[in-house]
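Here is a friendly walk through one fold, with the sheet and the helices taken in turn. Have the viewer open as you read.

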Amino acid sequence: MKIAITGAAGFIAFHVARALLADGHAVSGMDSFTGHDPDLARQRLALLLEHPEFEFVQLDLSEAADLQDWLTRTAPDVVLHLAAEAGARTSFADPGAYVRANMIGTLHLLEACRVVAPAHLLIASSSSVYGANELPPSAETDRTDFPVSFYAATKSSAESMSHAYSHAFDIPTTCLRLFTVYGPWGRPDMALFTFVRLILEGEPIELYGDGQLMRDFTYVADVVDAVLALIPLTPAPGQAHPASDSLSPVAPWRTVNVAGSQPVLVTELVSAVEASLGTVAEKVLLPRQQGDVVDTHADVGLLTALTGLKLQTPVGEGVAAFVEWHRAHYRV
Ligand code: NAD
C-alpha cells in the first residue's frame, strides 16, 4: 500500500513509518518541523530517508494548495494524520497555534481527502478529549464536551470535523484516541523525557499534582502495533462500535481508544526511572497545572474487539528501553 503520513518527523509518526516500511509499504511523509524539538525531528527524518520506499516533503498544514498537491501526487491508499501542535499544558500559552495546526490544518487535510478519497483516513486524537466528563475508565461513548485544556478542545473539534466530512463525503475515518505515548525518540516536552534529562543533569524534578496524577502510559511499540492492525479495518457506514448504536451513526467513522489500560501514578513512573538509572531523584511537589486531568484510564474493549490486541508492555520495561535509548543517543 501507499501511505501518506502528516507530521512524519514526529515521535509517533516516525515509529509508525518505520514499521510500515519494514512491512513493505511505500510511505510519503510531510512535516513542518514546528514541533517541540526540530533537531530531534530532523534526526528521525534522516533515518527514515535511508529507506528507498520513503519520500518526504517539507510542508505546513496551513498551506492548503501545497497539501492538496502533495496528496494528489502521492495518491495514497491510506492517510495517517499525525501532525499536530501537541501537549495540553502548553496550549494556553499560544492557543492560536493550536487552532492553526489542529483545527485549520485538519480542515485543509479533510478538504484534500475529499478530493483524493483514500480508502481509510486515520487521525490522531487524544485521551485529553475526555476532559472532566466521566469517571475513568473512559469509553469511546463517553462525553467529550467539557475539555479542560485548549489542546483537548482542538483535538475534539478535529474529531467532530472529521465526522462531518466522513458523513458528507463518505471518507472512511478512524480517530485514534491515544493515551500518553512514551518510548525511544520520544518528545522532550513530555514527563518521562524531562525526568530522565534532569536526573542525569543532577537537577530536581517537579511533580505536579504532588505526583498523584494517574496516567495510562502506553509504550510506542504497542501503539504502532495497534495502528498497523487498524489500518486495514476500514469502518463502514453505520458500523460504529455497538455501544453507540443509539446515536444512529451513519458515517463510515469511529473513534478507538489506543492504550495499555494499565494506569500508574506519576510517582510510580519516577520509581521506574530511578530503578533504570540506579539513582534516587530529588523531587519537588507542586500543585496540579492548568489543563491537567487527574486520571487517564482507557476502556480498551473496542480496540481488543476490533484487532484482538492487548497493549501490555509494562511501564518498567518501557521506561528501561527509553533510558537505554536516551543514554546512547545523548551519550550520557
Ligand atoms: P510530535 O510533536 O512529536 O509530532 C507532531 C509532528 O507534527 C511534529 O514533527 C511537528 O513538526 C508536526 N507539525 C506540527 N504542526 C504542523 C503543521 N502545521 N504542518 C505540518 N507538520 C506539523 O508529537 P507526537 O507525540 O508524535 O504526536 C503525534 C500525534 O499524536 C499528534 O496528533 C498528537 O496530538 C497525538 N497524541 C500524542 C500523544 C503522546 O503522548 N505523544 C498522546 C495523545 C495524542
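## Helix 6 and helix 8

Are helix 6 and helix 8 parallel, perpendicular or oblique to each other? Bear in mind that the model you are looking at is predicted. Begin with the geometry: helix 6 covers residues 191–200 and helix 8 covers residues 266–277, and their axes come within 11 Å, crossing at roughly 45°. An angle under 35 degrees would count as roughly parallel, and one from 65 to 115 as roughly perpendicular. Helix 6 and helix 8 are therefore oblique to each other.

The crossing of these two helices is right-handed. On the helix 6 side, the contact is made by A191, L192, F195, V196 and I199, and helix 8 brings V266, L269, V270, V273 and L277 to it. If you sort the residues of this contact by class, you get 10 nonpolar, no polar and no charged.

## Helix 1 and helix 7

Now turn to helix 1 (residues 11–22) and helix 7 (residues 220–230), whose axes come within 9 Å and cross at roughly 55°. That angle makes helix 1 oblique to helix 7. Here, too, you will find a right-handed crossing.

Which residues of helix 1 meet helix 7? They are I12, H15, V16 and A19, and their partners in helix 7 are V220, V223, V224, V227 and L228. By class, this contact has eight nonpolar residues, one polar and no charged.

## The sheet

Next comes the sheet, which is open and has seven strands in the order 3-2-1-4-5-6-11, with parallel pairing. Its edges are strand 3 (54–58) and strand 11 (253–258), each of which pairs on one side only. From one strand to the next, the twist averages 20°. As a reminder, strands of a sheet pair through backbone hydrogen bonds, in either a parallel or an antiparallel sense.

For a closer view of one edge, find strand 6, residues 173–178, which pairs with strand 11 in the parallel sense over six bridges. A handy landmark there is L176, which stands opposite V256 in strand 11.

## A helix across the sheet

At the other edge, marked by strand 3, which strands does helix 2 lie across? Helix 2 (residues 38–49) lies across strand 2 (26–31) and strand 3, and it runs at about 145° to strand 3.

Note on methods: Residues numbered from 1 in each chain as written. Predicted model: local features only at pLDDT ≥ 70, side-chain atom pairs only at ≥ 80, totals over all residues. Pairing = 2+ DSSP bridges. Helix = DSSP H or I, 4+ residues; strand = E, 2+ residues; numbered from the N terminus. Axes fitted to C-alpha atoms, helices over the stretch in contact; angles between N-to-C directions. Contact = placed C-beta atoms within 7 Å. Parallel < 35°, antiparallel > 145°, perpendicular 65-115°, else oblique. Left-handed = near helix turned anticlockwise from the far one by under 90°. Nonpolar A, V, L, I, M, F, W, Y, C, P; charged D, E, K, R; others polar.
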